[in-house]
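Reader: Before I set up any calculations, I would like to go through the side-chain environments of this protein with you. Could we take them one at a time?

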Amino acid sequence: MGVICPECLGQAQARAPRVGRQALGGKANQTPVVTYSLIGITFFFYVLQLLPGIDATSFLAYAPLYSYGEYNAIGAPYEPWRMITSVFAHSTGFIFHILLNMYTLWVFGQMLERLLGRGRFLTLYLASGLAGSLGVMFWAPHNTFVVGASGAIFGLLGAFLVIQRKLGGETTQLLVLVGINLVIGFLPGMSISWQAHLGGLLGGALLGLIFVQTRKPSQQKLQLALISLTVAVFVGLALSHAPMFVAG
């Protein structure tokens with residue numbers, strides 16, 4: 001995330017569709033344990049990144065090079081798990097990177113976890129983070145190194161936008177916020193990965209559409225099948241350039 005509008009976030013929180021909570025499988029009064037845990041885990045890794053002599057960032061960051069293994073130009077190892085670990089790492093030279101992302105996660109995570117339930121929300125967050133890394137893999141130069149939860153955060157925003165619109169909520173302020181942050185990612189010199197933003201946004205919007213379109217109790221098996229298929233496609237795309245699938 002590049003820009004945070006507390007007023008926009010506050011309005012989105014106040015206008016969250018109350019009728020959707022039970023319909024989407026969540027519980028309005030449940031403690032958002034997953035949201036708090038994700039924030040805690042992210043700060044834990046941030047502390048590791050700051051410790052001298054560990055160089056944790058180099059083990060967590062992602063670049064498309066790590067999706068190609070021995071077939072890339074410099075012989076970087078094949079380490080596809082970085083597409084997820086990079087979501088929990090942040091820039092150590094700009095503390096607002098992690099603070100802005102975690103503030104947005106705190107606001108939207110609580111809402112979405114209560115709307116969707118813990119399992120669906122965790123799936124949304126991790127799958128959106130993977131979708132953000134897929135955006136980097138397919139659209140960024142191979143030597144582009146990225147860290148940050150922005151892909152996952154944009155996935156939450158995309159899902160929330162879709163759910164809000166389908167359930168009759170107000171989305172204008174949120175659309176403006178998302179639009180501003182997407183545009184900022186394209187500005188030269190900003191060091192922001194628009195590829196991760198766009199990939200996460202599209203992935204989260206797709207999952208949000210599935211959640212809201214299959215929210216009836218009689219559609220739960222269909223929802224599980226569609227979510228499983230979507231995640232499987234994301235994982236398949238992430239592994240599509242594995243050395244075992246590429247001719248030597």
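Author: The exchange below goes through a histidine, the nonpolar core, the salt bridges and one helix of this predicted model.

Reader: Which backbone nitrogen does the side chain of His-97 reach, and at what distance?

Author: His-97 lies in helix 6, which spans residues 96-116, and counts as buried because its relative accessibility is 14%, under the 20% cut-off. Leaving aside residues up to four places away in sequence, His-97 touches His-90, Ser-91, Val-147, Gly-148 and Ser-150. One of these contacts, Ser-91, also offers the backbone atom in question: the side chain of His-97 reaches the backbone nitrogen of Ser-91 at 3.0 Å.

Reader: Which helix gives the most residues to the largest nonpolar core, and how many?

Author: The largest nonpolar core holds 54 residues, and those touching the most other members are Leu-105, Leu-112, Leu-116, Leu-124, Tyr-125, Leu-174 and Val-178. The elements that give two or more residues to this core include helix 3 (33-50), helix 6, helix 7 (118-139) and helix 8 (150-166). The element that gives the most is helix 8, with 10 residues.

Reader: Is Glu-113 buried or exposed, and how far apart are the closest N and O atoms in its salt bridge with Arg-118?

Author: Glu-113 is buried, because its relative accessible area is 0%. Its partner Arg-118 has a relative accessible area of 38% and is therefore partly exposed. In the salt bridge between Glu-113 and Arg-118, the closest N and O atoms are 3.8 Å apart.

Reader: How many salt bridges are there in total?

Author: Besides the pair of Glu-113 and Arg-118, Arg-82 forms a salt bridge with Glu-79, with the closest N and O atoms 2.6 Å apart. Both Arg-82 and Glu-79 are buried. The count of salt bridges comes to 2.

Reader: What arc do the buried residues of helix 11 cover around the axis, and which helices do they pack against?

Author: Helix 11 has 19 residues and reaches 27 Å from its first C-alpha to its last, close to the 27 Å expected. Its buried residues are Gln-223, Ile-227, Thr-230, Phe-234 and Ala-238, and they lie on the same side of helix 11 because they cover an arc of only 85° around the axis. The face turned away from this buried side carries the exposed residues Lys-221 and Leu-229. The buried residues of helix 11 pack against helix 5 (82-85), helix 7 and helix 10.

How values were computed. Residues are numbered from 1 along each chain as its sequence is written. This is a predicted model: local features need pLDDT of at least 70, side-chain atom pairs count only at pLDDT 80 or more; totals for chains, interfaces and linings use all residues. Side-chain values use heavy atoms; hydrogens and water are left out. Helices (H or I, at least four residues) and strands (E, at least two) are DSSP runs, numbered from the N terminus. Buried means under 20% relative accessible area, exposed over 50%, partly exposed in between (1.4 Å probe, protein chains only). A polar contact is a pair of N or O atoms within 3.5 Å; within protein, one must be able to donate a hydrogen and the other to accept it, and residues adjacent in sequence count only if both atoms are side-chain atoms. Contact means heavy atoms within 4.5 Å. A nonpolar core is a set of buried Ala, Val, Leu, Ile, Met, Phe, Trp, Tyr and Cys residues joined through side-chain atoms within 4.5 Å. A salt bridge is a side-chain nitrogen of Lys or Arg within 4 Å of a carboxyl oxygen of Asp or Glu. The expected span of a helix is 1.5 Å times one less than its number of residues. The arc is that of the directions from the helix axis to the C-beta atoms.
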